[in-house]
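Subject: Structure for you to look at

Hello,

Here is the structure I promised. Please open it next to this message and follow along.

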Amino acid sequence: QSTAMAASSSIMSTARPPDIIKLAINSDGRTALLFEFDQKKPLVAIIRDVCDKWTIKDPDRYAFKLSDTNMYITEKNRKEIKDGVILKLVTTPELAAQAAYESLKSSNRDNLERSLAQLSESLKDKTFVQEFIQLKGEELLVGMIENTKNTHDLIAVALGAYEVMMEHGIVSWDTLTPSFINTLVSFVNNGGDEKQIASVGHSGIGRIEQYEHAAHRFARSQISQSGQTHRKP
C-alpha cells in the first residue's frame, strides 16, 4: 500500500500544470522546436526564449502566428493556443505592415499585383489590419483604386484587398469619400464590354449596400442619377 501511495504521489508531482501547453514552433530555415508554452509567462519572454534557442538577434522584431490560420498571437488571444498546435516565429505585425505598405509603392506592375495578392492574405488578420491602418494603408489602397492609369486587373486586386480590410469593422463604411464611391459607380456604369471592371464596381457597391448609412445612400443616389442620364435621348 505504501508503495502504491508513493507511486501515486510521484505521478501527481510530475503531472503537467494546466497552464503548460505542449506544441511545436517553426521558423523558415530552422529545425522545428518541441516546446512547452507557459500561459502564465509574458509573450515577449517566450519569444526571447525561442530566439535564444535559435541564436536569433533582436527578439523584439518577432512574434508568433498560428500556422493553420496565420493569426498573430497576442496577449488578448493567446488562450486560443491548444496542445499540439504549430506556431510560426515571424516578424511582428508592425514590421510586416510596414513592409507591405512600402511594397505597394512599387512602380513595377507585376510586383505590385503580387504584393496586393499577398496583402489580401495578410489583411485577414485583425492585428495586422490595425497596424496597416495606422500607416494610412487604406488611403494608399483607395488611391490605387481611383487611379485611372492602373490596369483593370490591378484595380480589381486592390479593391479585393480593401474589402478584406473593411471586413474587420475597424474603419467605418461611413468614412468612404464621395470621390471613391463615384469611382465605383463609374465602374458599374461605364464598364461596357469590360466585364471585369464592371464586376469590380458591383462588388464594391454591393459591400456598401450591406450597411444602412450615409455612404449607402450616396451610392444609391449616384447610381440613380447616372442611370437617368444614360436613359436620356
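One term before the findings: contact, or touching, means heavy atoms within 4.5 Å. Please also keep in mind that this is a predicted model.

**The largest core**

Start at Leu 141. Leaving out residues up to four places away in sequence, Leu 141 touches Leu 104, Leu 116, Leu 119, Phe 132, Ala 158, Ala 161 and Tyr 162. Leu 141 belongs to the largest nonpolar core, which has 39 residues. Which members of this core touch the most others? They are Leu 119, Phe 128, Phe 132, Leu 141 and Tyr 162. Seven helices each supply at least two residues of this core: α3, α4, α5 (126–134), α6, α7 (152–166), α8 (178–190) and α9 (195–209). The largest share comes from α7, with eight residues. Another core lies apart from this one. That other core has 20 residues, including Phe 37, Cys 51, Phe 64 and Leu 66.

**Helix α6**

Helix α6 spans residues 137–146. Its buried residues are Gly 137, Glu 138, Leu 141, Val 142, Met 144 and Ile 145. They sit on the same side of α6, because they cover an arc of only 160° around the axis.

**Helix α2 and strand β1**

Now turn to α2. Here Leu 43, Ala 45, Ile 46, Ile 47, Val 50 and Cys 51 are buried. The buried residues of α2 pack against four strands: β1 (20–27), β2 (30–38), β3 and β4. Just after α2 comes Thr 55, with a positive phi of about 50°.

Ala 24 is in strand β1. Is Ala 24 buried or exposed? The cut-off for buried is under 20% relative accessible area. Ala 24 has 15% relative accessibility, so Ala 24 counts as buried. With neighbours within four places in sequence left aside, Ala 24 is in contact with Leu 33, Leu 34, Val 85, Ile 86 and Leu 87. Phe 37 is 13 residues from Ala 24 in sequence. In space, the two are 9.2 Å apart, C-alpha to C-alpha.

**The largest pocket**

The largest pocket holds about 280 Å³ of space. It is lined by 16 residues. Val 44, Ile 47, Tyr 62, Ala 63 and Thr 92 are the closest to its centre. Three elements give two or more residues to this lining: α2 (43–53), β3 (62–66) and α3 (93–103). Which element gives the most? That is α2, with four residues. By class, the lining of the largest pocket has nine nonpolar, three polar and four charged residues.

**The second largest pocket**

The second largest pocket holds about 160 Å³ of space. Lys 65, Tyr 72, Val 90, Thr 91, Ala 96, Ala 100, Ser 103, Ser 115, Gln 118, Leu 119, Ser 122 and Phe 128 line this pocket. At least two lining residues come from each of β4 (86–91), α3 and α4 (109–122). Here α4 gives the most, with four residues. By class, this lining has six nonpolar, five polar and one charged residues. Note the overlap with the largest core: Leu 119 and Phe 128 line this pocket, and both are among the core residues that touch the most other members.

Best wishes

Terms used:
Residues are numbered from 1 along each chain as its sequence is written. This is a predicted model: local features need pLDDT of at least 70, side-chain atom pairs count only at pLDDT 80 or more; totals for chains, interfaces and linings use all residues. Side-chain values use heavy atoms; hydrogens and water are left out. Buried means under 20% relative accessible area, exposed over 50%, partly exposed in between (1.4 Å probe, protein chains only). The arc is that of the directions from the helix axis to the C-beta atoms. On a 1 Å grid over the protein atoms alone, a cavity is a set of points where a 1.4 Å probe fits but cannot get out, and a pocket is an open set with protein on both sides within 12 Å along at least five of seven lines; lining residues have an atom within 4 Å of a point. Grid points are joined across faces, edges and corners, and a volume is the space filled by probe spheres set on the points. Ala, Val, Leu, Ile, Met, Phe, Trp, Tyr, Cys and Pro count as nonpolar, Asp, Glu, Lys and Arg as charged, and the others, Gly among them, as polar. A nonpolar core is a set of buried Ala, Val, Leu, Ile, Met, Phe, Trp, Tyr and Cys residues joined through side-chain atoms within 4.5 Å.
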